[in-house]
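Trainee: I've got a protein model open and I don't know how to start reading it. Could you take me through some features, one at a time?

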Amino acid sequence: MKILVIGGGMAGLTYAIVAAKNGQDVTVVERNTRVGKKISMTGNGKCNIGNARVTPACFNKSSVANKVLAEISVDEYIKFLQSVGIYVFEDSEGRMYPFCESASNVVDCLRNQVEKYGGKIICDAEVFNVRPVDKGYEVLIDRTNYRFDKVVAACGSKSQANETNVFSVIPKEYFTPLSPSLVPVKTKTIDHVLNGLRAKADVSLMDGAVPIAKESGEVLFKDYGLSGICIFNLSAVIARRIVQGKQGNYKFVLDLLPKFSQWDLEEILYFRLKSGEQPQRLFYGLLHNKIAESIVKSCDNRSDVSKLSYAAKNLSFDFARLLDYSMSQVTAGGIDERYIDLKTLALPNGITALGEMLNVDGVCGGNNLYFAAASALYTFTPEQRSKAYKLI
């Protein structure tokens, strides 16, 4: 069987490897100069290739995600990785990394396996049209027509890319609305003295006066707004609401001193003030000096320890917008589940859709790369997968 895989990311390369190891004639077409561009950017170059604690709760509400995760366990994913020469360890948060700690080496392993078992990789090429014909598909790659028995679409999305050719492969009407996700957020205002500073905090995402999500972790203050993993995960909540057509009056509320109750903090500040400490130095030793000064500056009465304590535990930023796709790790939204055969991940026209093309997005920590590979593995029978894992 001649199979075309459109896209040389994690999903496309995983599919190509298993198909090639099962004796299929596979061609991967990648529009970039090299396969695995997004893989090579993950984990700050170390490749956060999965998460040992992945569950459906790590993703948006998706029947596709539920099906794939129920079929492809983390242990099976690790077997696949080992079969292509990638051995992993996990950190304290369950994030999985290759022992080589090199994302580019991971790409080399995947590409090598495709070619080792007879698969072909064509880079700097683009698919412009896929047309079903009798017993297969006619595909226009650059300016040449080809015939294939099967087409697998793993085109990814606009995230971390200038553009995508996804709509030249899959009809646009099959898709939900789309939104950048796992992305920094622009706030309506921010004290520019905070730019470049980091702080650990409990962060609540509010819609008006209603808390809708909460994350804990390091926040990075930028001149445009907020960044950091916990902000990325909260951005996913907003992105998923955009996909659903929901609007909100969002704001981010940071508790910069979650280890202290407001009462305990008031008591500390009260005694410091009584000892003659200047108001702008009341938070010294508790917060970064510039963050402390910004909080004090925001209060109209700089000697009111109740207001100061509240400001430190409720530092608020009104949401303006999510930053664009070039800054996002993934895209929320994708092919609507109404058009997906949950047993095969095939569309009504017979094309198989994988990875980020599906309406599945996960939080930070390797979940999205895991799902991309797992969605590809899911489309094969257990026997085909087992055969592939044994061939090293």
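Trainee: Let me start with a single residue: which residues does Val 363 touch, not counting residues up to four places away in sequence?

Mentor: Before we start, keep in mind that this is a predicted model. Now, to read a residue's surroundings, you skip its sequence neighbours and look at what else it meets. Val 363 touches Cys 58, Leu 182, Asn 233, Arg 240 and Asn 368. As for where it sits, Val 363 is in the loop between β19 (352-353) and α9.

Trainee: How far apart are Val 363 and Ala 103, in sequence and in space?

Mentor: They are 260 residues apart in sequence, and their C-alpha atoms are 20 Å apart in space. Ala 103 turns up again with another loop residue, Thr 42.

Trainee: Where is Thr 42 found, and what does it touch?

Mentor: Look in the loop between β2 (25-29) and β3 (50-51) for Thr 42. Leaving out residues up to four places away in sequence, Thr 42 touches Cys 47, Asn 48, Ala 103 and Leu 369. There is also a link to the backbone: a polar atom of the Thr 42 side chain lies 2.9 Å from the backbone oxygen of Ile 39.

Trainee: Okay, on to helices. How do I read a pair of them, say α1 and α9: how close do the axes come, and at what angle do they cross?

Mentor: Picture each helix as a line, then ask about distance, angle and hand. For α1 (residues 10-21) and α9 (residues 367-378), the axes come within 8 Å and cross at roughly 35°. The hand of that crossing is right-handed.

Trainee: And which residues of α1 and α9 meet?

Mentor: From α1 you have Met 10, Ala 11, Thr 14, Tyr 15 and Val 18, and they meet Leu 369, Ala 372, Ala 373, Ser 375, Ala 376 and Leu 377 in α9. Sorted by class, this contact has nine nonpolar and two polar residues, with no charged ones. Leu 369 of α9 is also one of the residues that Thr 42 touches.

Trainee: What about α6 and α8: how do their axes cross?

Mentor: Helix α6 (residues 262-274) and helix α8 (residues 305-313) have axes that come within 9 Å and cross at roughly 130°. That angle is why we call α6 oblique to α8. The crossing of α6 and α8 is right-handed. On the α6 side, the contact is made by Gln 262, Leu 265, Glu 266, Leu 269, Tyr 270 and Leu 273. On the α8 side, the residues are Val 305, Ser 306, Leu 308, Ser 309, Tyr 310, Ala 312 and Lys 313. Split by class, the contact of α6 with α8 has eight nonpolar, three polar and two charged residues.

Trainee: Now strands. In what order do the six strands of the barrel come?

Mentor: With a barrel, you follow the strands around until you get back to your start. Here the order is β12-β15-β14-β13-β16-β17, with antiparallel pairing. From one strand to the next, the twist averages 45°. Helix α8 packs on this sheet and touches β16 and β17, with its direction at about 115° to that of β16.

Trainee: How many bridges join β16 to β17?

Mentor: Four bridges join strand β16 (residues 250-255) to β17, and the two run antiparallel. Among the partners, Val 253 bridges to Ser 316 in β17, and Leu 254 bridges to Leu 315. Strand β17 (residues 315-322) also pairs with β12 (residues 185-187), antiparallel over three bridges. There, Lys 186 has Arg 321 of β17 as its bridge partner.

Trainee: One last sheet: what is the strand order in the open sheet of three strands?

Mentor: In an open sheet you look for the edges. The order is β7-β8-β9, paired antiparallel. The edge strands are β7 (127-133) and β9 (144-148), each pairing on one side only. Neighbouring strands are turned by 20° against each other on average, ignoring direction. Six bridges join β7 to β8 (residues 136-141), and Val 130 stands opposite Val 139 in β8. Five bridges join β8 to β9, with Glu 138 standing opposite Arg 147 in β9.

Trainee: How many residues lie between β8 and β9 in their hairpin?

Mentor: Two residues, and Asp 142 in that turn has a positive phi of about 55°.

Key
Residues numbered from 1 in each chain as written. Predicted model: local features only at pLDDT ≥ 70, side-chain atom pairs only at ≥ 80, totals over all residues. Heavy atoms only, no water. Pairing = 2+ DSSP bridges. Axes fitted to C-alpha atoms, helices over the stretch in contact; angles between N-to-C directions. Parallel < 35°, antiparallel > 145°, perpendicular 65-115°, else oblique. Left-handed = near helix turned anticlockwise from the far one by under 90°. Contact = heavy atoms within 4.5 Å. Nonpolar A, V, L, I, M, F, W, Y, C, P; charged D, E, K, R; others polar. Polar contact = N/O pair within 3.5 Å; in protein donor to acceptor, adjacent residues only side chain to side chain.
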